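Please open the model in a viewer and keep the selection tool at hand. The stops below are to be taken in order.

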Number of protein chains: 2
Amino acid sequence: MQNILPKTGSIKDKVVAEDLLAERKNLNFDQLELTNFVFGGEENYKNYQEWTKILESDPILHNHHEFYEFTREEQIEHNLQKVKRMYEIDKKKYFQDYSEGYFQWYYYIFKGISPYGLHSTMFVSCIDCLSDDEQRAKWLHMAKDFKMLGCYAQTELGHGSNVTGVETTATFDKQTDEIIINTPTITATKFWPGELGKLTNFAMVYANLISNGKNYGVQPFLVQIRDFENHQPVQGVEIGDIGSKFGFNGKDNGFIIFNNLRIPRGNMLQRFSELDREGNFKVKGNQKALFSVMLMGRVQLINFSSFGLHWALLVGTRYAAVRRQFANQEGDKLERKLLDYQTHMMKYGPFLAYSIAFRFAVTDLIKMHKKLLAGLVNNDFGNLELLHHITSGYKSVFTTLSYDAIDEIRQSCGGAGFLSWSSLPSLQQDFAPNTTFEGDNTVMLQQAARLIMKNVTLVMKGKKPHEFFAHLELIKDLPVANKTLSSVSEVLELEYLDLALATRAAFKIRFFMEKYMTTEATENEKLNSLLAIDILPMVKAHVMYTTFRHFRQGIESNGFKCENLKKHFRNLCRLYALNELTQDNQSLYECGFFTQGTMKIISQGLKQLLQEIRPHMIPLVESLRIPDSILVSSIGNSYGDIYETQLEWAKGSRLNKSTTIKGFKELILPIVNGKL
Amino acid sequence: MQNILPKTGSIKDKVVAEDLLAERKNLNFDQLELTNFVFGGEENYKNYQEWTKILESDPILHNHHEFYEFTREEQIEHNLQKVKRMYEIDKKKYFQDYSEGYFQWYYYIFKGISPYGLHSTMFVSCIDCLSDDEQRAKWLHMAKDFKMLGCYAQTELGHGSNVTGVETTATFDKQTDEIIINTPTITATKFWPGELGKLTNFAMVYANLISNGKNYGVQPFLVQIRDFENHQPVQGVEIGDIGSKFGFNGKDNGFIIFNNLRIPRGNMLQRFSELDREGNFKVKGNQKALFSVMLMGRVQLINFSSFGLHWALLVGTRYAAVRRQFANQEGDKLERKLLDYQTHMMKYGPFLAYSIAFRFAVTDLIKMHKKLLAGLVNNDFGNLELLHHITSGYKSVFTTLSYDAIDEIRQSCGGAGFLSWSSLPSLQQDFAPNTTFEGDNTVMLQQAARLIMKNVTLVMKGKKPHEFFAHLELIKDLPVANKTLSSVSEVLELEYLDLALATRAAFKIRFFMEKYMTTEATENEKLNSLLAIDILPMVKAHVMYTTFRHFRQGIESNGFKCENLKKHFRNLCRLYALNELTQDNQSLYECGFFTQGTMKIISQGLKQLLQEIRPHMIPLVESLRIPDSILVSSIGNSYGDIYETQLEWAKGSRLNKSTTIKGFKELILPIVNGKL
């Protein structure tokens with residue numbers, strides 16, 4: 001029996017846990033500067049603060065812990081109340097002028113699942129970018145004003161990643177000047193579109209245009225699916241929600257089956273293609289522009305990867321600073337803080353490093369994306385190909401790493417993390433689709449491989465690769481360096497770590513390319529069946545290296561003023577690299593960059609970093625300033641109240657509304673009383 | 001647009017998918033022999049078949065896909081109906097004579113969450129093993145007859161893994177000859193016990209016995225918590241369910257706060273200790289016996305690790321054999337089967353190998369455990385220490401690997417796996433607590449380290465280790481072999497793979513021990529703070545090696561008759577090893593066992609194995625013969641019906657009971673209609 005805990009926190013009594021107070025005293029850097037950075041800039045953070053003021057004070061927008069026990073129907077109804085309230089407060093701000101920073105607010109108020117999030121982004125973007133001027137004038141204001149509520153209906157039951165496989169048909173009927181939408185097979189059923197299930201009256205339907213007996217491929221069509229007045233499905237559609245999911249249950253992913261639904265010819269979106277009265281089809285403009293819209297979704301997922309991981313860390317690190325287990329500290333009867341276990345820091349330290357690394361990467365990415373969008377106006381496609389490469393690779397690697405990390409943080413909080421009150425279960429479950437949607441993560445890595453192959457081919461021909469791929473030049477003479485490490489300080493040099501990660505990537509790329517060039521088979525067979533498993537680690541190593549480069553360069557180039565903050569960044573950058581080199585180092589031994597004895601020095605370096613970072617964990621992690629009322633976590637609140645709130649919420653939970661549960665008295669009590 | 005799919009399956013029309021039929025034709029071994037093995041023996045499989053006949057035909061015991069959308073209350077009520085029905089059919093068989101094989105039936109009928117599973121195991125075992133003869137005579141039949149329904153109340157809000165930290169008090173009152181149970185602090189609240197929340201009327205409470213002013217440590221007390229007649233909480237307790245969780249929501253994990261609750265002195269369980277009328281406490285017998293009860297729980301989790309992973313594979317592999325995506329096969333417009341992608345096989349092949357490896361390990365383990373239990377009767381504690389080592393290490397490694405694998409299989413089914421209908425979400429979420437309960441997985445690895453350290457110390461002193469640790473002798477002269485591989489056939493020799501995995505484990509053990517012996521710090525600091533992160537990979541490598549040994553030896557020693565089956569086993573055993581050596585090989589380069597060029601040969605060997613195993617995936621995986629009505633998966637049924645059932649269940653889902661969702665008409669429609 002031990003009961004000699006330092007004072008734990010109490011929200012009720014406004015007492016901050018002694019352990020947490022002590023951790024906060026270690027703050028030795030400008031936390032606000034870091035806060036501005038993790039929120040995507042000073043302006044974003046200011047907007048966020050204004051926004052949270054409203055959120056915290058508004059009785060409808062306020063988050064509640066009861067939400068964690070809501071059914072799907074209750075979650076959706078609750079979120080619709082918030083939508084209505086936001087619309088009332090400032091429809092322009094919340095639904096019409098969204099920008100990249102805006103997506104984060106969604107996260108706070110809707111835990112990432114805004115009822116009209118896809119309407120406001122994908123559907124509105126389609127109208128904005130794919131309509132001709134006339135269509136735009138007719139529809140855009142309707143969509144922005146919530147008169148037309150739309151979903152993006154591309155995926156079918158039988159066709160997900162393979163967009164060109166879509167089977168839905170849109171057949172031009174010359175007689176009536178209409179287009180007839182049909183679902184010819186069961187696999188052609190539109191399946192998965194968010195907000196289709198219950199909440200929208202229009203759909204942007206991707207279907208094969210068939211005119212005069214010829215199939216012109218997949219085009220977007222604006223289709224009304226429910227009645228304006230009573231929201232009942234229109235004739236010619238069968239429609240509904242697709243059911244309960246692993247997570248993201250506040251979203252009404254839906255299905256729709258079309259049966260000879262007729263729409264006017266003018267409802268085909270005509271910015272990049274045209275169908276005339278005679279059924280003649282022609283392409284106009286550069287369809288590449290379509291990609292730039294898709295990119296935005298991926299940039300957001302990359303953004304969320306940093307953000308969601310940081311959120312989980314905020315909960316987990318506060319818990320680990322207060323929760324104690326096992327009195328195993330010499331001469332001290334006090335139990336040890338979880339965060340003081342080396343095994344715990346070996347999880348949380350690298351996770352923080354990854355979260356910050358992803359932040360540096362997305363900061364650069366947003367700049368590139370903005371530049372691209374600006375150029376598009378003048379038909380300048382600039383870095384489109386490069387951005388496609390970066391966003392596919394980063395989306396795949398970051399969402400997977402963050403999902404796994406959130407899961408591990410949840411598990412590292414033991415039972416407390418398993419309870420919904422901690423916020424970690426819903427965080428994980430609602431983050432989970434990110435590894436699938438906007439491109440399955442395995443497919444995304446394969447796509448990202450293409451530009452690597454293109455650039456390495458340049459290098460092999462003695463030409464210069466694009467500067468983003470400068471590290472590919474290493475393949476010519478691997479390893480460049482082969483020095484036997486003699487001290488820990490060497491392994492902590494950023495220059496050394498840079499070369500190590502670049503060499504790892506280069507070796508894997510060369511390893512793949514050698515096989516690729518010597519294997520006798522068709523390209524399809526090589527890429528999908530014979531060499532596919534060499535592609536994934538190659539692209540991952542490349543992404544991890546370029547992310548490191550964003551991180552390392554960003555520390556110096558982003559204009560940070562606080563020297564201590566920069567010191568912490570450098571340590572996290574080192575930790576990122578050493579964690580990588582601990583997990584995957586075969587290539588470095590194979591090319592002789594690592595030799596016998598390296599493991600010992602890396603292990604020492606890693607431990608030294610963990611010790612240096614340990615005291616700063618709370619000040620660093622708490623840079624993500626999320627008020628308790630928005631965080632809504634029983635174990636991650638700012639008071640370090642890890643017990644009182646947990647017990648109080650438990651007491652008020654749904655199953656405790658009555659003392660016995662339905663069924664017990666009729667089914668089991670007779671057995672207990674010997675009557676059965 | 002592509003619509004040239006081979007005929008997919010249809011349960012409705014009793015049509016098996018062409019793709020699945022073709023895969024089944026590859027069967028070239030005695031599948032029943034494998035089936036018997038994966039079910040834990042011929043007798044187990046026969047029992048299971050009888051059992052499933054009842055399950056399939058009984059209208060109450062039958063599984064329903066609607067269960068996936070049930071609320072917690074509905075799930076529990078539904079399961080109580082099943083309990084009542086089982087009690088009616090054969091209470092002796094289902095609730096009184098449980099054995100190791102029995103636990104699997106639970107899995108089929110309750111998806112692992114039996115309402116009285118803990119009552120029937122932990123609670124009844126405590127009475128059976130910890131009561132003296134008089135107590136046993138009084139209570140055991142009551143518990144087995146469901147008159148007394150009990151939970152196991154050990155964990156507290158503040159004390160999970162650290163059992164000795166329990167704060168609840170049981171104070172002897174000499175005047176009344178009673179014991180007073182109290183919850184002195186908030187952290188002393190009993191929190192988490194399953195079946196405490198709603199379903200039991202007794203609790204086995206672990207509390208500090210205080211008598212005559214002295215604390216005698218934690219003892220078990222039988223405490224009535226609810227009334228026999230009306231099931232209301234007794235006076236002196238506050239009690240309830242703790243709320244919604246990441247998974248396992250059909251279980252009423254509960255909390256209880258004691259306020260001067262009095263029980264008779266005779267309710268302290270007295271087989272191993274005694275409290276007399278004067279309050280004198282004395283220990284009797286060998287308390288080691290307690291551990292043997294705890295071991296059973298871990299053996300079951302190890303068992304489930306093989307079983308749960310195999311279940312997920314059954315769903316995922318059938319889906320991957322029918323689902324096609326991307327027409328990238330040369331000269332073929334047909335899209336490629338997921339299972340024909342090398343990246344997919346690189347997941348599923350090793351997962352199958354792990355599932356079978358775990359099955360071999362648990363087969364040996366159950367034998368050892370039975371021998372131990374038999375010996376205990378004569379106070380022979382035989383291999384108790386070794387079994388503690390094995391069960392902690394295996395429980396930790398296997399549950400983590402299987403949880404991660406189930407998650408990855410779910411993700412690899414894309415959207416279809418994200419939908420609850422697939423069965424994969426609940427499988428993952430309900431499997432999730434296994435990494436935490438019965439011992440947190442990090443703590444378990446640390447515990448398993450002790451016996452390794454003890455044996456390696458013997459080796460270092462020139463003595464022989466226990467035969468289970470024979471591979472530790474390698475540390476004396478690492479590496480034993482250092483041959484440069486010249487062909488793929490060498491890397492596929494089981495002898496070579498055995499040595500490689502043993503060497504990897506031995507190197508990590510030596511690496512840790514060298515630091516351990518030269519680091520100047522207290523043992524606690526070394527084990528928890530300075531060297532802790534070296535312990536985890538060391539224990540894991542040791543577990544992965546000994547599991548390989550069970551696998552390799554078991555193929556020859558388990559009396560398998562079918563030579564082709566043994567060939568498949570050997571290939572899976574190789575695949576297990578090569579996958580391990582691909583994922584973690586630093587130690588082997590460090591000690592010179594691997595050299596430059598090894599990576600290429602291992603990669604070739606791995607690919608060759610994947611190709612060899614590929615055609616046999618369906619016949620191998622389908623050895624887990626679970627009828628569709630028990631599996632209840634929209635994408636993993638035996639017909640390869642991956643579309644019709646999915647769409648049909650979607651159509652009938654809960655949100656489709658009405659065409660519009662609650663809240664929409666009041667909140668959003670006025671906006672659409674311009675009235676807001």
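How many of the 29 residues of α10(A) are buried? The model to be explored is a predicted one. Select helix α10 of chain A, residues 384-412. Of its 29 residues, 23 are buried, and the helix is thus mostly covered. From first C-alpha to last, α10(A) reaches 41 Å, close to the 42 Å expected at 1.5 Å a residue. Beyond the helix, select A:G414, which follows α10(A) and has a positive phi, near 60°.

Next, add helix α12 of chain A, residues 424-431, to the selection. The axes of α10(A) and α12(A) come within 9 Å and cross at roughly 160°. Angles over 145 degrees count as roughly antiparallel, and the two helices are therefore roughly antiparallel to each other. The crossing in which α10(A) passes α12(A) is left-handed.

Move now to A:F418, in helix α11 (residues 414-418) of chain A, and select B:W192 with it. The latter belongs to the loop between β4 (190-191) and β5 (202-211) of chain B, and the pair thereby crosses between chains. What is the arrangement of the rings of A:F418 and B:W192? Their centres are 6.4 Å apart and their planes lie at 50°, so the pair is tilted. Both A:F418 and B:W192 are buried. Over all chains, the structure holds 75 aromatic pairs.

Remaining with aromatic residues, select the following in chain A: F37, Y354, F358, F360, Y394, F398, F548, F551, F560, F569 and Y576. Together they form one aromatic cluster.

Turn to chain B for two arginines placed over rings. Select B:R336 and B:Y341: the charged end of the arginine sits over the ring of the tyrosine, 5.4 Å from its centre. Then select B:R549 and B:F468, where the charged end of B:R549 sits over the phenylalanine ring, 5.1 Å from its centre.

The last stops concern backbone conformation. Most residues other than glycine have a negative phi. Select B:H231, in the loop between β6 (214-224) and β7 (237-241) of chain B. Although not a glycine, B:H231 has a positive phi of about 65°. Is the residue B:H231 buried or exposed? With a relative accessible area of 1%, B:H231 is buried.

Finally, proceed to B:F248, in the loop between β7 and β8 (254-258) of chain B. B:F248 also is not a glycine, yet its phi is positive, at about 60°. Its relative accessibility is 12%, and B:F248 counts as buried because the cut-off for that class is under 20%.

Conventions. Residues numbered from 1 in each chain as written. Chains lettered and ligands numbered in written order. Predicted model: local features only at pLDDT ≥ 70, side-chain atom pairs only at ≥ 80, totals over all residues. Heavy atoms only, no water. Phe/Tyr/Trp six-rings, centres within 6.5 Å; stacked < 30°, edge-to-face > 60°. Helix = DSSP H or I, 4+ residues; strand = E, 2+ residues; numbered from the N terminus. Buried < 20%, exposed > 50% of the residue type's maximum accessible area, 1.4 Å probe, protein only. Lys NZ or Arg CZ within 6 Å of the ring centre and 35° of its normal. Expected span 1.5 Å × (residues − 1). Axes fitted to C-alpha atoms, helices over the stretch in contact; angles between N-to-C directions. Parallel < 35°, antiparallel > 145°, perpendicular 65-115°, else oblique. Left-handed = near helix turned anticlockwise from the far one by under 90°.
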